[in-house]
Amino acid sequence: MRKSSPIIMKRKGNLYARIIDRQNLELAFDKAKKGKTWQRTVKNAERHREELLDKLEEMLKNHEYRTSPYHTKTIYEPKKRIIYILPFFPDRIVQHAIMNIIEPLWDSLMYYHSYACRKKKGQHKGSTKCMEYTRESPYCLKCDISKFYPSVNHKILYKIIKRKIKCKYTLEMLHEIIESIPGETNVPIGNYLSQWMGNIYLNELDTYVKQTLRIKHYIRYCDDFVLFGTKQELAAVIPKVQDFVNNRLQMKLSKCDLFPVTRGIDFLGYRHFPGNYVLLRKTTAKRVKRRIKGLLWKVKHGKVKKATALGSIESTKGWIRWANTHNLAISLEIEKVRSEIEKV
């Protein structure tokens, strides 16, 4: 079978001037504070907005920006992970300023059915496509990568970035952010940039699966990915996928499971079955219950704005309606929680 030619993409230059443009920094400030206006540091930054933006603009013009020290915390849901936290000023603003300019470039390079952290994609779009492939294919190969973000290799990542970008100062800033974590691996969970760095890193896998392995039905969401086809077809690609992940990406698979679609495909927080039947994963349902119950407390104690909490409830209602979850919707008592929040 003849292989298709890889897409040739011109490297992009002259990005840095757009990143440090005052209008872009203003937009980055607004994006960085979204959903965090209750935080003391964000409130303080808002009071001194123009002064801080003047300082940041000068810092970037003089190429003096360096990533601040990280503060870390450990979370245990949905699994144990170390979260890295940077100050609102200057770091979170800088990362939004970078992505305002680079996101359209990187997004244009992405495999179409990569659904994480991209506009007009997301869990529901990925779930819809998963259901479509579940109807069309007898078998599924489900894989995920062990400790993905901590395993991202700095040199490989930077090499990938350099293939797409030629702007000297943008590359210098991205390289400094990548190397802000000591060691040869790790893009820190918590950095806005890390989501996209992870995406372009695994876009290498997407390209390999589609152009070299020629798998027709393939979906990826962050480090979870599913391939669809016949049992023989999928069994034949398992060692090739493992080899690519191990040797080209310097990572390891934590799961590589081949099974008939009638077993149900646990993907994107749902279990997908032939016949358009979708259930919420049990662990997901438990997390949803805890989150809804905690919203009222957060509003009463000023941790979340009332409007934000009500928006979260509407989002949850839409999310669980996606699956066959009538009994779950009753047990959550969403309308009761919503009514109590509105009274606060």
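The following conversation goes through the sheets, helices and some single residues of a predicted model.

Reader: Before we start, what are the ground rules for numbering and confidence here?

Author: Residues are numbered from 1 along each chain as its sequence is written, and side-chain values use heavy atoms, with hydrogens and water left out. Since the model is predicted, local features need pLDDT of at least 70 and side-chain atom pairs count only at pLDDT 80 or more, while totals for chains, interfaces and linings use all residues.

Reader: Okay, the four-strand sheet: in what order do the strands come, and is the pairing parallel or antiparallel?

Author: The order is β4-β5-β3-β6 in an open sheet, and the pairing is antiparallel; strands (E, at least two residues) and helices (H or I, at least four) are DSSP runs numbered from the N terminus, and two strands pair if DSSP finds at least two bridges between them. The edge strands are β4 (217-221) and β6 (253-260), each of which pairs on one side only. From one strand to the next, the twist averages 15°.

Reader: And how many bridges join β3 to β5?

Author: Six bridges join β3 (residues 139-145) to β5 (residues 224-229), and the two strands run antiparallel. Within that pairing, Cys140 stands opposite Phe228 in β5.

Reader: Which helices pack on that sheet?

Author: Helix α10 packs on the sheet, touching β3, β4 and β5, and its direction makes about 170° with that of β4; here contact means heavy atoms within 4.5 Å, and axes are lines fitted to C-alpha atoms, for helices over the stretch in contact, with angles running from 0 to 180 degrees between N-to-C directions. Helix α11 (residues 231-248) also packs on the sheet, where it touches β3, β5 and β6, and its direction makes about 175° with that of β6.

Reader: Sticking with α10, how does α8 cross it?

Author: The axes of α8 (residues 154-164) and α10 come within 10 Å and cross at roughly 85°. The two helices are therefore roughly perpendicular to each other, a label for angles of 65 to 115 degrees, whereas under 35 counts as roughly parallel, over 145 as roughly antiparallel and the rest as oblique.

Reader: Which residues make that contact?

Author: On the α8 side they are Ile156, Leu157, Ile160, Ile161 and Arg163, and on the α10 side Met197, Ile200, Tyr201 and Glu204.

Reader: Changing topic, what does the three-strand sheet look like?

Author: That sheet is open, has the order β7-β8-β9 and pairs antiparallel. The edges are β7 (265-267) and β9 (277-280), each with a single partner strand, so one side of each is left without a neighbour in the sheet. Neighbouring strands are turned by 25° against each other on average, direction ignored. Three bridges join β7 to β8 (residues 270-273), and Arg271 in β8 is the bridge partner of Asp266. Helix α6 packs on this sheet, touching β7, β8 and β9, with its direction at about 25° to that of β8.

Reader: There's a lysine in α6, Lys129: buried or exposed?

Author: Lys129, in α6 (residues 123-136), counts as buried at 15% relative accessibility, where buried means under 20% relative accessible area, exposed over 50% and partly exposed in between (1.4 Å probe, protein chains only). Leaving aside neighbours within four places in sequence, Lys129 is in contact with His113, Tyr115 and Ile219.

Reader: Anything odd in the backbone? What about Asn186 and Cys117?

Author: Most residues other than glycine have a negative phi, and most peptide bonds are trans. Asn186 has a positive phi of about 105° although it is not a glycine, and Cys117 likewise has a positive phi, of about 60°. Asn186 lies in the loop between α9 (168-178) and α10 (192-212) and is buried, with a relative accessible area of 10%, while Cys117 is found in the loop between α5 and α6 and counts as partly exposed at 33% relative accessibility.

Reader: What does Asn186 touch, and where is the cis peptide bond?

Author: Not counting residues up to four places away in sequence, Asn186 touches Tyr84, Tyr149, Pro150, Val152, His154, Ile178 and Ile181. The cis peptide bond joins Phe89 and Pro90, with omega about 0°, and Pro90 is found in α5 (residues 88-109).

Reader: Last one: which residues of α15 are buried?

Author: In α15 (residues 334-343), Ile334, Val337 and Ile341 are buried. Seen down the helix axis, the buried residues fall within an arc of 65°, so they line one face of α15; the arc is that of the directions from the helix axis to the C-beta atoms. The face turned away from the buried side carries the exposed residues Lys336 and Lys343.
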